[in-house]
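Biologist: I've got the model open and a few terms I'd like you to justify. Can we start with how the domains meet, then move on to the helix packing?

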Amino acid sequence: MRVLVAMSGGVDSSVAAARMVEAGHDVVGVHLALSRDPQAVRESSRGCCSLEDSADARRVCDKLGIPFYVWDFSDRFQADVIDDFVASYEVGETPNPCLRCNEKIKFAALLERGLALGFDAVATGHYASIDADGHLRRSTDPDKDQSYVLGVLTRHELEHCLFPIGDTPKPLIREEAARHGFSTASKPDSYDICFIPDGNTQAFLGARIGVRPGLIVDTSGTPLKEHDGAWNYTIGQRKGLDLRNPADDGRPRYVTDIDAATGTVTVGPRAALAVTGITADRLKVLHPAMTGSLDAIVQVRAHGGIAACRAVIDGDTMTLTLDSPLQGVARGQAAVLYLPDPDGDIVLGSGTISGTR
């Protein structure tokens, strides 16, 4: 099998490539250049697409004796990830750019080019697994499970995906990398948003969206202060509100709603964050069980935000009634459905959250 391995320059993709070589596949490593200015992404092992990361990936491929290429996807990354990120905040959503990158770039764009060049599959260092029936499941390492960010794939894409390390806990992956002599063995995990070098999301958005004054109000509609833009806030936010007038009960207040059209940001007690119902659209169906009405588990964040639910699928929309409330659920996030299974929950599919109740 001809396998294209997406090489981020981290330890996970390094071991994924090694395992593909050891399995006897015809392997090529490719690093994705996602920035028009490579110096504008995180360095010092904090991102996944910097010049440093590219060099680390090349060294791993040299050790394995496999070809290595850098493919420029910067234009698609700008349009499908960065521009989408800004546009989502403009309408009061809270997007996940890493999830969008997986959906639009690391699988859709990469696989499209790979198949056109005669490759059979794309392998990555994601912590997830595909069972004998072709169903996507959670990783055996619950602390590193990344099935949530893969729930936005299509069935066609999943049929051409390989996740070689999904059956191994992260500490053992590092040990395996060390045995290979990879410099990535002790490299820290990537985190934060790669295209915001200084980590200041508010400044990044402010420079692109501009000042759009509005009001912060309490749950009764009483104005509390003016703000420079609703994009400064996210559902569940507590810090940085800078409210001069304390709540009547003296307890912290949280952002409970954002109306980007009017610029109104509503704050209230923690209890007001509780959500018992979710609607989502733009569905991605990965399993035939995701149809009609069914009992499932929903996850709304990459780490946490999990509840049992009753799901009703109607065309390109799903309505979820939660058995127990979740907090901090925002429009623009992905709602990924799972079928509980002792061998690893099975991913049924996903939708983009369009409303809560």
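Modeller: Sure. This is a predicted model, and in it domain 1 and domain 3 bury about 590 Å² between them, with 36% of that on carbon and sulfur atoms.

Biologist: Which residues of domain 1 lose the most area to domain 3?

Modeller: Glu93, Thr94 and Arg100, which together make up 56% of what the domain 1 side buries.

Biologist: What makes you say the two domains are in contact?

Modeller: The cut-off is heavy atoms within 4.5 Å. By that test, eight residues of domain 1 touch eight residues of domain 3. The C-alpha centres of these two domains are 27 Å apart.

Biologist: And where do the domains run in the chain?

Modeller: The assignment gives domain 1 as 2-125 + 164-180, domain 2 as 211-268 and domain 3 as 273-356.

Biologist: On to the helices. Why is H3 called roughly antiparallel to H4?

Modeller: Helix H3 (residues 74-90) packs on helix H4 (residues 97-116) at an angle of about 160°, their axes being 10 Å apart. Angles over 145 degrees count as roughly antiparallel, so H3 is roughly antiparallel to H4. Their crossing is right-handed.

Biologist: Which residues make that contact?

Modeller: From H3, Arg76, Phe77, Asp80, Val81, Asp84 and Phe85; from H4, Pro97, Arg100, Cys101, Lys104, Ile105, Ala109 and Glu112.

Biologist: How many of them are nonpolar, polar or charged?

Modeller: Seven are nonpolar and six are charged, with no polar ones in the H3 and H4 contact. Cys and Pro count as nonpolar here, so Cys101 and Pro97 belong to that group.

Definitions and conventions:
Residues are numbered from 1 along each chain as its sequence is written. This is a predicted model: local features need pLDDT of at least 70, side-chain atom pairs count only at pLDDT 80 or more; totals for chains, interfaces and linings use all residues. Side-chain values use heavy atoms; hydrogens and water are left out. Axes are lines fitted to C-alpha atoms, for helices over the stretch in contact, and angles run from 0 to 180 degrees between N-to-C directions. Helices (H or I, at least four residues) and strands (E, at least two) are DSSP runs, numbered from the N terminus. Angles under 35 degrees count as roughly parallel, over 145 as roughly antiparallel, 65 to 115 as roughly perpendicular and the rest as oblique. A crossing is left-handed if the near helix is turned anticlockwise from the far one by less than a right angle, and right-handed if clockwise. Domain bounds come from an automatic or database domain assignment. Buried area is the accessible area (1.4 Å probe) that two parts lose on being put together, summed over both.
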